[in-house]
Amino acid sequence: MILLIDSGNSRLKVGWLDASDAGQPREPVAAAFDNLEPDALRQWLDTLALVPRRAVGVNVAGQARGDAIAAALPAGCPVTWLRAQPQTLGLRNGYTRPEQLGADRWASMLGVRARLPRPHRPFVLASFGTATTIDTVGGDGVFPGGLILPGPAMMRTALAKGTANLPLAEGQLNAYPVDTHQAIATGIAAAQAGAVVRQWLAGCDRYGSMPDIYVAGGGWPEVQPETERLLAQACSALGPAPTPVYLDSPVLDGLAAWAAEPDA
C-alpha cells in the first residue's frame, strides 16, 4: 500500500493507493487533521488493514512539519516528497524557475489531468484554502502560469487585525452593501471571484475557446455565488457559462497518478 500525504498550511490530508493494483480507485480522503499530531496520525495508520510500505506527498508547511510526518510513519515506510519539475506525466511547467512553483499546485494540476482524456480541453483550477491559487493548463498540457492571493479567511482576518474599527465579519452578499459585515463579505467574494473570472477570460483569449473550471478548498462555498454570477455575466455574449466542478482532493488525485508511475 502507498500512503498519500497532502501537508498544507492549515490541514493534513492523507489517503492511500493499492500498490498491487494502481488502476483501482484509491480511497478518496482517508483522514484530515486540522493540525498535525503525530500520535493521531499513528493511531489512524494503526486502523488500516495494510501497512504502508511507501509514502508520497507534498508538504508546503515547512521542514519541521515534514520531519514530524516522516517520524510518524511506520518503520520501513520512506516518504518521497513531490516537487514541481519542468515536466511530470506530460504536464509542462511554464514557470521561469520551475522549482519555485508550489508542490501542492503542481500535484493539483496533475490530479485534474489524471481524470481527463487526451487531448483535453483547457482548464482553470482555483483552490480556495489559506491562500487562493488560480492556475491554467492548456489542452497541450502546458501550464503557462497562475495567480496567488490571500484566501477568503485570510482576507477577513487581515481586515480585522489590521484596522481599528472593522470586525471579523460574516455577512450576506449584496450588490450595494448597507452595513459593514455585508461590505466586507461582498468585498472578499468580489475579489476572489474577480480573480477567477480574470484568469478564465485570459484563457478564452489564449486558447480561443472557453476553458473548463475546476475548484477546490474549503473557501469555495463562500465565493461560489459571486463566481457563478460573474461567469454568467462574462458569458452573456459567448454562450452558456461553464459550471465549476468541485474536486474534493486534487492534490491526493495527483499524488495517486504520480505514485502509479513506475519511475515515480
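Reader: Let's start at G8. Which residues does G8 touch, not counting residues up to four places away in sequence?

Author: A contact here means heavy atoms within 4.5 Å. With residues up to four places away in sequence left out, G8 touches V60, A61 and R65. Bear in mind that this is a predicted model, where local features need pLDDT of at least 70, side-chain atom pairs count only at pLDDT 80 or more, and totals for chains, interfaces and linings use all residues. Residues are numbered from 1 along each chain as its sequence is written, and side-chain values use heavy atoms, with hydrogens and water left out.

Reader: Where does G8 lie, and is G8 buried or exposed?

Author: Helices (H or I, at least four residues) and strands (E, at least two) are DSSP runs, numbered from the N terminus. G8 sits in the loop between β1 and β2 (12-17). For burial, under 20% relative accessible area is buried, over 50% is exposed, and anything in between is partly exposed (1.4 Å probe, protein chains only). G8 has a relative accessible area of 14%, so it counts as buried.

Reader: At which residues, G8 included, does UniProt place the feature "binding site"?

Author: UniProt positions use the numbering here, with shortened feature names, and annotations may be inferred rather than shown by experiment. The unreviewed entry places "binding site" at D6, S7, G8, N9, S10, R11, L12, K13 and T130. These residues are spread over 125 residues of sequence, yet they cluster in space, with a largest C-alpha distance of 14.4 Å. Of them, D6, G8, N9, S10, R11, K13 and T130 are included in the lining of the largest pocket. To read that, picture a 1 Å grid over the protein atoms alone: a pocket is an open set of points where a 1.4 Å probe fits, with protein on both sides within 12 Å along at least five of seven lines, and lining residues have an atom within 4 Å of a point.

Reader: And T130, where is its place?

Author: T130 is in the loop between β8 and β9. T130 is partly exposed, at 31% relative accessible area. Neighbours within four places aside, T130 contacts N9, S10, P150, G151 and M154.

Reader: UniProt also places "binding site" at Y95, G102, A103, D104, R105 and T180. How far apart are the farthest two C-alpha atoms?

Author: They are 39.5 Å apart, and the residues span 86 in sequence, so they do not all gather at one spot. The lining of the largest pocket includes G102, D104 and R105 of this set. A103 is in helix α3, and R105 is in helix α3 too. A103 is buried at 11%, and R105 is buried at 5%. Beyond four places in sequence, A103 touches V58, L82 and R83, while R105 contacts Y95, T133, D135, F143, G146, L147 and I148.

Reader: How should I read a nonpolar core, and how many residues has the largest one?

Author: In soluble globular proteins, nonpolar side chains tend to be buried together. A nonpolar core is a set of buried Ala, Val, Leu, Ile, Met, Phe, Trp, Tyr and Cys residues joined through side-chain atoms within 4.5 Å. The largest one has 28 residues, and L4, L82, W106, M109 and L255 have the most contacts inside it. β1 (2-7), β4 (54-59), α3 (103-114), β8 (123-128) and α7 (250-259) each supply at least two of its residues. Apart from that core lies another, of 22 residues, including F128, A195, W200 and W220.

Reader: Is F128 buried or exposed?

Author: F128, in strand β8, is buried at 1% relative accessible area. Setting aside residues up to four places away, the residues F128 touches include P152, Q192, V196 and W220.

Reader: Which residues of helix α4 are buried?

Author: An α-helix has 3.6 residues a turn, so residues three or four places apart point the same way. In α4 (residues 152-162), the buried residues are P152, M155 and R156. Down the axis of α4 they fall within an arc of 95 degrees, so they line one face of the helix; the arc is that of the directions from the helix axis to the C-beta atoms. On the other side of α4, K161 and G162 are exposed. The cover over the buried residues of α4 includes β8, β9 (131-137), β11 (145-150), α5 (180-207) and α6 (220-234). As for R156, it is buried at 7% and, beyond four places in sequence, touches L168, A169, E170, I188 and E222.
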